[in-house]
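User: Please take a close look at a single part of this model, and then show how that part fits into its surroundings. I would like the reasoning spelled out where there is any.

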Amino acid sequence: MPAITPLLVAQLVLVVVVFHALLLSAAAMVWVERRLAAALQQRLGPIRVGWQGLLQPFADVIKLMFKEELRPKAADALLFALAPVISATCAFAAFAVVPFGARTTFFGLLSEPMLLQVADVNVAALVIFAIASMSVYGIVLAGWSSNSKYSLIGGLRSSAQMISYELSYGMALVSVLLVGNSLSLTEIVNGQAGAWFGVIPRWFIFLQPLGFLIFLTAGVAETNRAPFDFPEAEQELVAGYHTEYSSMSFAMFFLAEYVNMVTVSAVAADLFLGGWHGPFLPESLGWIWFLLKVSALLFFYVWMRWTLPRYRYDQLMKFGWKVMLPASVLNLIATAAGVLYFGG
Amino acid sequence: MPTLTHYLVLSGVLFCIGTAGVFVRRNLITILLSIEIMLNAVNLTFVAFGRSMGSADGQIIVFFVMTVAAAEAAVGLAIVIGLFRHRESLNPDTFTSLKW
Amino acid sequence: MTLFYVFAAVAVVASLLVIAQRNPIYSVLLLIASFGALSGLYVLLDAPFVAVTQIVVYAGAIMVLFLFVVMLLNAPHEETDYDETVHPLRRPGPMRFGAALAVALVVELLWALTKGGGETGAFPGAAVSSVRTIGRSLFTNYAFAFEVTSVLILVAMVGAVVLARREGGPSAPPSA
């Protein structure tokens, strides 16, 4: 049994804090999405529940909890119950290796600095990719086990889309790994400290602009958000793979989607936007900068959803295989050449 | 601490489970899954030996084995799809005659 | 040590259930669980790269392929001409022979693996490799095999598409 040191207690507290922060961020995203969509569409959105509608997500959750939990009679009970669990678990698990702050002693409470990351693995970038690959199963099992044609088609299309865009996601990730010279996310972020000429920060987005675009686009496709959300489009497929789900299972799918969005934004902020480094604040308060960067990316996510029309499915697949994949491979080759030429 | 023998015994058991699956099951897809179990047992053996000899070669060979397994699974499943279209059955006993 | 036993137990039990299940979808899902346990064992063997590659390639790609095929073929439960509740060692004909062979194989392998000489001791102290050393070795000593593997995957891709194509060629619509 390991000794109960303050460090161990701090680690456990960190796990609890991160978990609840993700839950709250999903709830906040519900509110942000509806108010932002309303602002983009020049209407008001939810403003009545609580001050400025801030309690709206909680009202939604309570409503969902009181709904009846239905299951189609011909559905496979075990898989039907398992699918939302897999989606939600993979969404939360991916955040376990994302660092969101520098080593800090919490203003002297700890004897040695602790990294603000739940698990400091030295192959963290690959772990994120691995867990993203596993989240396909939640969707494909949901589509299959519902035993309904809308669900099956939606599930298969959605998972085919996810595995197609995973390739470009991985290639963009590898390009950043070449530039950052490590697989550990902490080291990649620390490689982005400082600034050129004292003004322009050394973020990798300036070294890898195409890589950033590809990563973000593939991330949007991975999370099944617009404009790549054909598989769950309300107009075309009823609701795709979560047609037959109601009450808390449905809530878990939505929780998984929002937490996936947060994770993709957090990883992009770490890889391309310098993580927790920023001017004017000491290193130990860097997580504030991290929050700002993640919020900017999430704003971008919501903005894209309510501005762009939806891709048709075959256009989506063609784009993924014929445009994104060659672009990401070319980006990788150019990056490798650059790293060789400039000495790494 | 687990020793090399522990890992070898485990991979031996897994290999035999895979072999038993290939012998006993009458469903083409399950037979392919059993082959994957066997390949994984072999991977475990490679990594265990590589670790005990202190070289990275075990892991590199595992890399190649995984790639070959992926290629084999893809082609094998394509063949299974073709067979299924022909006879509407996944039981290997239905494919015993060379004609039609 | 307990972690080793936990992972080993999960791997063995999941594999046994894979070959015992009637429904192919459950078999695939149980095999994914087995791969997860093996990935944990690779981490215990100080091979994090192999562990992650196992999840990405095997559990995340090959098993998705299997799952798609099982779902699209609507793979039926095995219809067999024997009584499924009877133990395999008692079933008539080749199945009894196959099951007996498997038992013989287990006994023989376990005997051979446990009687070994001086090498079957504990692992040496130092962990050997990082991704950097693996990559370096892969692209220098094994460069030819690496390139040949890429050609192999290309051949497999083309072969799979050709073999699974319907008769009637390009008239099939591009669907999921």
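The expected span of a helix is 1.5 Å times one less than its number of residues. With that in mind, how many residues of helix 11 of chain A are buried, and what does this helix give to the largest nonpolar core?

Analyst: The model is a predicted one, and everything below is computed from it. Helix 11 of chain A has 26 residues, for which a span of 38 Å is expected at 1.5 Å a residue, and because its end C-alpha atoms are 37 Å apart, the two values agree. The helix is mostly covered, with 23 of the 26 residues counted as buried. After helix 11 of chain A comes A:Gly274, which has a positive phi, near 85 degrees.

The cover leads to the core. The largest nonpolar core comprises 168 residues, and A:Val127, A:Ile128, A:Ala268, C:Met63 and C:Phe66 are those with the most contacts inside it. Helix 11 of chain A, which runs over residues 247–272, gives the most to this core, namely 17 residues. Domain 1 (1–77) and domain 2 (131–167) of chain C both give residues to the core as well, so the core lies between these two domains. Taken over C-alpha atoms, the centres of domain 1 of chain C and domain 2 of chain C are separated by 23 Å. As for A:Ile128, once its neighbours within four places in sequence are left aside, this residue is in contact with A:Ala94, A:Val97 and A:Val267.

Since residues of chain C appear among those with the most contacts inside the core, the partner chain deserves a description of its own. Its secondary structure comes to six helices and zero strands, in the pattern α-α-α-α-α-α along the sequence. Of its 176 residues, 29% count as buried, and among the contacts in chain C with a separation of 6 or more, 42% are between residues 24 or more positions apart.

The contact between chain C and chain A takes 14 residues from the former and 17 residues from the latter. On the side of chain C that touches chain A, helix 3 of chain C gives the most, with eleven residues, and the residues of that side divide into 13 nonpolar, one polar and no charged.

Chain C also touches chain B, where 71 residues of chain C are in contact with 61 residues of chain B. Six helices of chain C, among them helix 1 (2–20), helix 3 (48–73) and helix 6 (143–164), each supply at least two residues of the side that touches chain B. The largest share of that side, twelve residues, comes from helix 3 of chain C, and by class the side has 54 nonpolar, 13 polar and four charged residues.

One further site in chain A belongs to a loop. A:Ser184 lies between helix 6 (149–180) and helix 7 (185–190) of chain A, in the loop that joins them, and because 19 C-beta neighbours lie inside 10 Å, this serine counts as partly exposed, where 20 or more would make a residue buried. A:Ser184 and A:Val121 are 63 residues apart in sequence, yet their C-alpha atoms are 6.7 Å apart in space. Leaving aside neighbours within four places in sequence, A:Ser184 is in contact with A:Asn122 and A:Ala124.

Methods: Residues numbered from 1 in each chain as written. Chains lettered and ligands numbered in written order. Predicted model: local features only at pLDDT ≥ 70, side-chain atom pairs only at ≥ 80, totals over all residues. Contact = placed C-beta atoms within 7 Å. Helix = DSSP H or I, 4+ residues; strand = E, 2+ residues; numbered from the N terminus. Nonpolar A, V, L, I, M, F, W, Y, C, P; charged D, E, K, R; others polar. Core = buried A, V, L, I, M, F, W, Y, C linked by C-beta atoms within 7 Å. Buried ≥ 20, exposed ≤ 12 C-beta atoms within 10 Å, placed from the backbone. Domains from an automatic or database assignment.
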